[in-house]
Amino acid sequence: MTKINPYLNFPGNTEEAFNFYQSIFGGEFLGGIIRFGDMPMEGHENMSEEVKNKVMHIALPIGDGNMLMATDALESMGQKLSQGNNFYISVSTDSKDEAQRIYDKLSEGGAIEMPIGDVPWGSYFSMFKDKFDVQWMVSYDYPKE
């Protein structure tokens, strides 16, 4: 079954915001807090300790099957946060083929930020704007071994 969840961008205070949301909704962060310093990224060795400690990905399960997710969108990493680009709609699929199908159709005529492909956290993943400037993430999570 395909699921849709909000994915929020914050200007460097994701951890503070998600600690607040956790205090309201309860639960545990799925997979913990993944920081930029945890990721094998190009230019990683040139990141400041402050940037390395910022949140690359966080997910808080809320209710039955819902997930609130976020990242720090940092100007030092070339990201400019403004009203309207501070969220994505994240679509999670049950198969790689379904992720590919949705990506192919939904991204047509849009602007690709990250083409669909395998990523280090074990997913088949993409980021893009559709032709109406709505921001999307499409992913399929490979089964854990």
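**Figure 1. Leu 68 and its surroundings in a predicted model.** Leaving out residues up to four places away in sequence, Leu 68 touches Pro 6, Leu 8, Phe 18, Tyr 21, Ile 58, Ala 59, Leu 60 and Ile 62. The structure shown here, and in every view that follows, is a predicted model. Look for Leu 68 in strand S4. Its relative accessibility is 12%, so Leu 68 counts as buried, the limit being under 20%. One of the contacts, Tyr 21, is 47 residues away from Leu 68 along the chain, yet the C-alpha atoms of the two are separated by 9.2 Å.

**Figure 2. Aromatic rings around Phe 18 and Tyr 21.** Two of the residues that touch Leu 68, Phe 18 and Tyr 21, come back in this view. The whole structure holds 7 aromatic pairs. In one of them, the ring centres of Phe 10 and Phe 18 are 6.4 Å apart and the planes stand at 90 degrees, so this pair is edge-to-face. Phe 10 and Phe 18 are both buried. Phe 20 and Tyr 21 make a tilted pair, with 5.8 Å from centre to centre and 55 degrees between the planes. Tyr 21 has a relative accessibility of 21% and therefore counts as partly exposed. Follow the ring pairs and you will find a cluster made up of Phe 10, Phe 18, Phe 20, Tyr 21 and Phe 29.

**Figure 3. Asn 9 in strand S1.** Here we turn to Asn 9, which is found in strand S1. With 11% relative accessibility, Asn 9 counts as buried. Setting aside neighbours within four places in sequence, the residues in contact with Asn 9 are Thr 71, Ala 73, Leu 81, Asn 85, Asn 86, Phe 87 and Tyr 88.

**Figure 4. Ser 90 in strand S5.** Ser 90 lies in strand S5 and, at 4% relative accessibility, counts as buried. Not counting residues up to four places away in sequence, Ser 90 touches Lys 3, Ile 4, Asn 5, Tyr 7, Met 69 and Met 137.

**Figure 5. The largest pocket and its lining.** This pocket has a volume of about 1300 Å³. Its lining is made by 44 residues, and those nearest the centre are Tyr 7, Met 56, His 57, Trp 121 and Phe 125. Strands S1, S3, S4, S5, S6, S7 and S8 each supply at least two lining residues.

**Figure 6. The two sides of helix H3.** Ala 99, Ile 102 and Tyr 103 are the residues to find first, as they are buried in H3. Down the helix axis, the buried residues of H3 fall within an arc of 100 degrees, so they line one face of the helix. Strands S5, S6, S7 and S8 are among the elements that cover these buried residues. Asp 97 and Lys 105, on the other side of H3, are exposed.

**Figure 7. Lys 96 over a ring, and Glu 108 in a loop.** Lys 96 lies over the face of Tyr 124, at 4.7 Å from the ring centre. Glu 108 is found in the loop between helix H3 and strand S6. Is Glu 108 buried or exposed? Its relative accessible area is 60%, so Glu 108 is exposed, the limit being over 50%. Glu 108 and Phe 20 are 88 residues apart along the chain, and their C-alpha atoms are separated by 37 Å.

Methods. Residues numbered from 1 in each chain as written. Predicted model: local features only at pLDDT ≥ 70, side-chain atom pairs only at ≥ 80, totals over all residues. Heavy atoms only, no water. Helix = DSSP H or I, 4+ residues; strand = E, 2+ residues; numbered from the N terminus. Buried < 20%, exposed > 50% of the residue type's maximum accessible area, 1.4 Å probe, protein only. Arc of directions from axis to C-beta. Contact = heavy atoms within 4.5 Å. Phe/Tyr/Trp six-rings, centres within 6.5 Å; stacked < 30°, edge-to-face > 60°. Lys NZ or Arg CZ within 6 Å of the ring centre and 35° of its normal. 1 Å grid on protein atoms, 1.4 Å probe; cavity = no way out; pocket = protein on both sides within 12 Å on 5 of 7 lines; lining within 4 Å. Points joined across faces, edges and corners; volume = space filled by probe spheres on them.
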